[in-house]
Amino acid sequence: MEYDGVRGDHAEVPTCAVRDLNPDLRTPWVFVGRILARNPIRSFSTWRGKSRLFEVYVSDEDRAIIRATVFNDGVDKFYETVVPGTICSFSAGRVKTANSAFALPNSPVELSFGADANIVQLHDNTVVFPEPVFQHTPLNDLPAQDPTETPTVHGVIVDIGPQRPITTSKRTETHKREFLLVDDSEAEILCTAWGQTATEIDIAIKVHVILVTRGQISDYMGVRSLNIGVGSVVLHDPALSRSADLKTWFAAVAPGHQFTSLHE
């Protein structure tokens, strides 16, 4: 399908779906999708110096989802363009094989962009992008799940602890942060975020909806909790009807409401 306003330098460029994108593409391409989630900006360091990035998750008309990462000067240029719930076109970027540690299930490729990219909001009201489907597990069902399962959960962060430095058993440095997640099953679970996810989940986002895929069930010291580490993907405030339902539900929860704790 073609969209108004999507053009190449000299002629109209065919629009790709996620299934059409692969690292071997050598011709100009345009990808159009609905912004599902935009994660916080974060900084990191390499041998070249300090850099910045943010990640955005985009779904197409087939409900397929792809992760796009925008780097450095592109952060300031495009962060306010890719608003969750809007439709955007993406071009002049790089298609590469997805890093399985950070990709959503069934997402074999990902996109990356710099300041020279072309990312534009489209205003074509004739196009409807159906919501992707996530088979989330209600929090009150987690006690019955096998510890080897990797559930998807969707809830509201209600309390966040400080970020703490950790030295792993392999003598590498990382960070962790604990927070409490609740949902409308009236349950509350302790979550532990590791690495870059611990950095992204800041105290400023308390009372914030997140969706976690491939969470890792833990029964450490006989207490059921959820680890969010390598292999897990966190979507911040995703543009899903389920997120809207959770916000409406939580807004009606009385102050001091006691949820059923899964970690005591």
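Student: In this predicted model, are Phe-90 and Phe-113 buried or exposed?

Tutor: Happy to start there! Buried here stands for a relative accessible area under 20%, and exposed for one over 50%. Phe-90 and Phe-113 fall in the same class, and both are buried.

Student: How many aromatic pairs does the structure hold, and how are the planes of Phe-90 and Phe-113 arranged?

Tutor: The structure holds 6 aromatic pairs. For Phe-90 and Phe-113, the ring centres are 5.6 Å apart and the planes meet at 40°. Planes under 30 degrees apart would count as stacked and those over 60 as edge-to-face, so this pair is tilted.

Student: Which strands hold the two rings, and how many residues apart in sequence are the parts they tie together?

Tutor: Good one to trace on the model. Phe-90 belongs to strand β6 (residues 87-91), while Phe-113 belongs to strand β8 (residues 109-113). The pair therefore ties together parts whose separation in sequence is 23 residues.

Student: Which residues form one aromatic cluster with Phe-90 and Phe-113?

Tutor: Let's add to the pair we just discussed. Phe-90 and Phe-113 share one aromatic cluster with Trp-29 and Phe-31.

Student: Where does Met-221 lie, and is Met-221 buried or exposed?

Tutor: Met-221 has a phi near 60°, a positive value in a residue other than glycine. Met-221 sits in the loop between β15 (216-218) and β16 (225-228). Its relative accessible area is 68%, and the cut-off is over 50%, so Met-221 is exposed.

Student: What charged end sits over the ring of Tyr-79?

Tutor: Look at the ring centre of Tyr-79, with a charged end 4.2 Å from it. That charged end belongs to Arg-38.

Methods. Residues are numbered from 1 along each chain as its sequence is written. This is a predicted model: local features need pLDDT of at least 70, side-chain atom pairs count only at pLDDT 80 or more; totals for chains, interfaces and linings use all residues. Side-chain values use heavy atoms; hydrogens and water are left out. Rings of Phe, Tyr and Trp (its six-membered ring) pair if their centres lie within 6.5 Å; planes under 30 degrees apart count as stacked, over 60 as edge-to-face and the rest as tilted. Helices (H or I, at least four residues) and strands (E, at least two) are DSSP runs, numbered from the N terminus. Buried means under 20% relative accessible area, exposed over 50%, partly exposed in between (1.4 Å probe, protein chains only). A charge sits over a ring if NZ of Lys or CZ of Arg is within 6 Å of the ring centre and within 35 degrees of the ring normal.
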